[in-house]
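User: I am new to this structure and would like a close look at one part of it rather than a tour of everything. Could you choose a part, describe it carefully, and explain the terms as you go?

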Amino acid sequence: MPSIAFKRNYSKTSKTPRRPYEKERLDQELKLLGEYGLRCKREIWRVQLALAKIRKAGETAARSLGLTLLHMIQDLRQGDTRMGKRAKPFGLWGVGNTGDRREAGG
């Protein structure tokens, strides 16, 4: 049985475009090839794939962070957490108080 040290996680390094003969994309790729002295279009596609992965990771991280903050606010308003239970006696969160300052006469 092979050891763990020989296992590889193979993944694609570039992704070909969906539409191979799109004029605007072809012109833009040709311009980038000349401007930066790249050898082939695969080098452009490799960088585009890397940027897409970074963007996707950032979007998922932002989405999970936003959901986490949303759940924390909801927990505080419901008084389910220790902090919410501590804040209830002071009138910061609780029944009839939604947390909006506009309702308090402001």
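Analyst: A residue is called buried when its relative accessible area is under 20%, exposed when that value is over 50%, and partly exposed in between. Ser 14, with a relative accessibility of 13%, therefore counts as buried. The model is a predicted one, and every value that follows is computed from it.

The part chosen here is the meeting of helices α1 and α2, together with the segment that comes before them. To place this part in the whole, the protein chain contains three helices and zero strands, and read from the N terminus its elements follow the order α-α-α. Of the 106 residues in the chain, 12% are buried, and the accessible surface comes to about 10000 Å², with 58% of that surface belonging to carbon and sulfur atoms. Among the contacts with a separation of 6 or more in the chain, 30% are between residues 24 or more positions apart.

We can start with Ser 14, which lies in the segment before α1. Once its neighbours within four places in sequence are set aside, Ser 14 is in contact with Arg 42, Trp 45, Arg 46 and Leu 49. Helix α2 covers residues 41–78, and Trp 45 is also one of the α2 residues that meet α1, where the next step of the description leads.

Helix α1 spans residues 23–36, and its axis passes 10 Å from that of α2, the two helices packing at an angle of about 100 degrees. Angles of 65 to 115 degrees count as roughly perpendicular, and α1 and α2 are therefore described as roughly perpendicular to each other. On the α1 side, the residues at this meeting are Arg 25, Leu 26, Glu 29, Leu 32 and Leu 33, and on the α2 side they are Lys 41, Ile 44 and Trp 45.

Charged side chains take part in this meeting as well. Arg 25, Glu 29 and Lys 41 are joined in a network of salt bridges. Within that network, Glu 29 and Arg 25 form a salt bridge with a distance of 2.8 Å from N to O, and these two residues stand four residues apart in helix α1, about one turn of the helix. Glu 29 has a relative accessible area of 3% and so is buried, and Arg 25, at 14%, also counts as buried.

A second pair in α1 makes a useful comparison. Lys 23 and Asp 27 form a salt bridge in which the closest N and O atoms are 3.3 Å apart, and because they are four residues apart in helix α1, about one helical turn separates them. Lys 23, at 58% relative accessibility, is exposed, whereas Asp 27 is partly exposed at 40%.

Another salt bridge links Glu 43 with Arg 39, the closest N and O atoms being 3.1 Å apart. The partners in this pair differ in their exposure, since Glu 43 is buried at a relative accessible area of 13%, while Arg 39 is exposed at 74%. A search of the whole structure finds four salt bridges.

Farther along α2, the description turns to the outer surface, where Val 47, Leu 51 and Ile 54 make a nonpolar patch of about 280 Å². Ile 54 has its place in helix α2, and with a relative accessible area of 59% it is exposed.

To draw the picture together, α1 and α2 are roughly perpendicular to each other, a salt-bridge network links Arg 25, Glu 29 and Lys 41, and Ser 14, from the segment before α1, is in contact with residues including Trp 45.

How values were computed. Residues numbered from 1 in each chain as written. Predicted model: local features only at pLDDT ≥ 70, side-chain atom pairs only at ≥ 80, totals over all residues. Heavy atoms only, no water. Buried < 20%, exposed > 50% of the residue type's maximum accessible area, 1.4 Å probe, protein only. Contact = heavy atoms within 4.5 Å. Areas by Shrake-Rupley, 256 points an atom, 1.4 Å probe, with all protein chains shown as cover. Patch = residues over 30% accessible without salt bridge, like charges linked within 9 Å, V, L, I, M, F, W, Y side chains within 5 Å. Axes fitted to C-alpha atoms, helices over the stretch in contact; angles between N-to-C directions. Parallel < 35°, antiparallel > 145°, perpendicular 65-115°, else oblique.
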